[in-house]
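Hello,

Here is the structure I promised to pass on. My notes on its pockets, its cavity and one of its strands follow below.

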Amino acid sequence: MFLLALTLIVTQAPPAANPWVEGARAQLGLPYDFGGRKQKGRGIDCLGVVLAGAERATGCGWRSFPWNPTELVQARLFGERVEGLAPVKSAALDVASLQPGDVVMLVAADVNPREPSIGELEGVKVWVWHTGVYSGGGKWIVGDHFAGQAVETDLAAYLAEHADTYSGVFVTRPKPKAVRPARCRKHAPL
């Protein structure tokens with residue numbers, strides 16, 4: 001009986017590693033620094049954490065990617081929009097519908113004059129104000145200005161705690177073979 005159980009354990013392959021999650025997780029504990037990409041001793045911000053996942057998935061350095069989330073979504077560099085979650089009100093998000101590696105963007109009606117709206121939520125235009133990577137088990141990895149560092153934390157609790165700041169969520173799902181930017185630059189990774 002013991003040998004059979006041991007055989008089953010040994011023959012079951014571990015789940016495939018997700019490069020988006022691995023890249024984002026490698027940033028945990030770094031201090032939050034708006035616009036930071038770890039250059040010259042700086043920390044990292046929320047988009048930097050997501051770009052670390054994109055780097056790991058594509059082999060292209062973070063400078064290969066646009067800075068605006070709307071451009072990243074339009075170019076499908078963060079994958080395809082997830083039906084029913086692009087966008088959805090934070091309170092209506094079913095975390096069970098997310099997959100590890102999904103890019104989670106928190107949206108609000110506050111206008112960002114530097115880029116177009118990402119979409120509409122119940123007839124109101126919304127803009128991306130925060131980003132992270134869903135890591136599984138109800139958690140996401142985010143360079144968090146509230147915590148002052150990159151953390152892996154419960155997504156539903158985070159959304160509830162910051163409901164006054166973010167009204168919704170916009171989710172994209174990278175494909176197993178990630179889309180590479182048109183110009184793939186090589187440099188020191190995040």
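By class, the lining of the largest pocket has 8 nonpolar, 6 polar and 4 charged residues (Ala, Val, Leu, Ile, Met, Phe, Trp, Tyr, Cys and Pro count as nonpolar, Asp, Glu, Lys and Arg as charged, and the others, Gly among them, as polar). This is a predicted model, in which local features need pLDDT of at least 70 and side-chain atom pairs count only at pLDDT 80 or more, while totals for chains, interfaces and linings use all residues. Residues are numbered from 1 along each chain as its sequence is written, and side-chain values use heavy atoms, with hydrogens and water left out.

The volume of the largest pocket is about 450 Å³. Of its 18 lining residues, Phe34, Trp67, Pro69, Asn112 and Glu115 are the closest to the centre. At least two lining residues come from each of α3 (46-58) and β5 (124-136), and β5 gives the most, with 4 residues. Helices (H or I, at least four residues) and strands (E, at least two) are DSSP runs, numbered from the N terminus.

On terms: on a 1 Å grid over the protein atoms alone, a pocket is an open set of points with protein on both sides within 12 Å along at least five of seven lines, a cavity is a set where a 1.4 Å probe fits but cannot get out, and lining residues have an atom within 4 Å of a point. Points are joined across faces, edges and corners, and a volume is the space filled by probe spheres set on them.

The second largest pocket holds about 200 Å³ of space. It is lined by 14 residues, and Asn18, Pro100, Pro174, Lys175 and Pro176 are the closest to its centre. Its lining divides into 8 nonpolar, 3 polar and 3 charged residues.

There is 1 cavity of 30 Å³ or more, with a volume of about 40 Å³. Among the residues that line this cavity are Arg76, Glu80, Pro174 and Lys175. By class, the cavity lining has 4 nonpolar, 1 polar and 4 charged residues.

Now for the strand: which residues make up β8, and how many of them are buried? Strand β8 spans residues 168-173, and 5 of its 6 residues are buried (under 20% relative accessible area, with a 1.4 Å probe and protein chains only). β3 (residues 103-108) pairs with β8 in the antiparallel sense over 5 bridges (pairing takes at least two DSSP bridges), and valine 104 has valine 171 as its bridge partner. β1 (residues 80-81) also runs antiparallel to β8, joined by 2 bridges, with arginine 81 partnered by threonine 172.

Best wishes

Methods: Buried means under 20% relative accessible area, exposed over 50%, partly exposed in between (1.4 Å probe, protein chains only).
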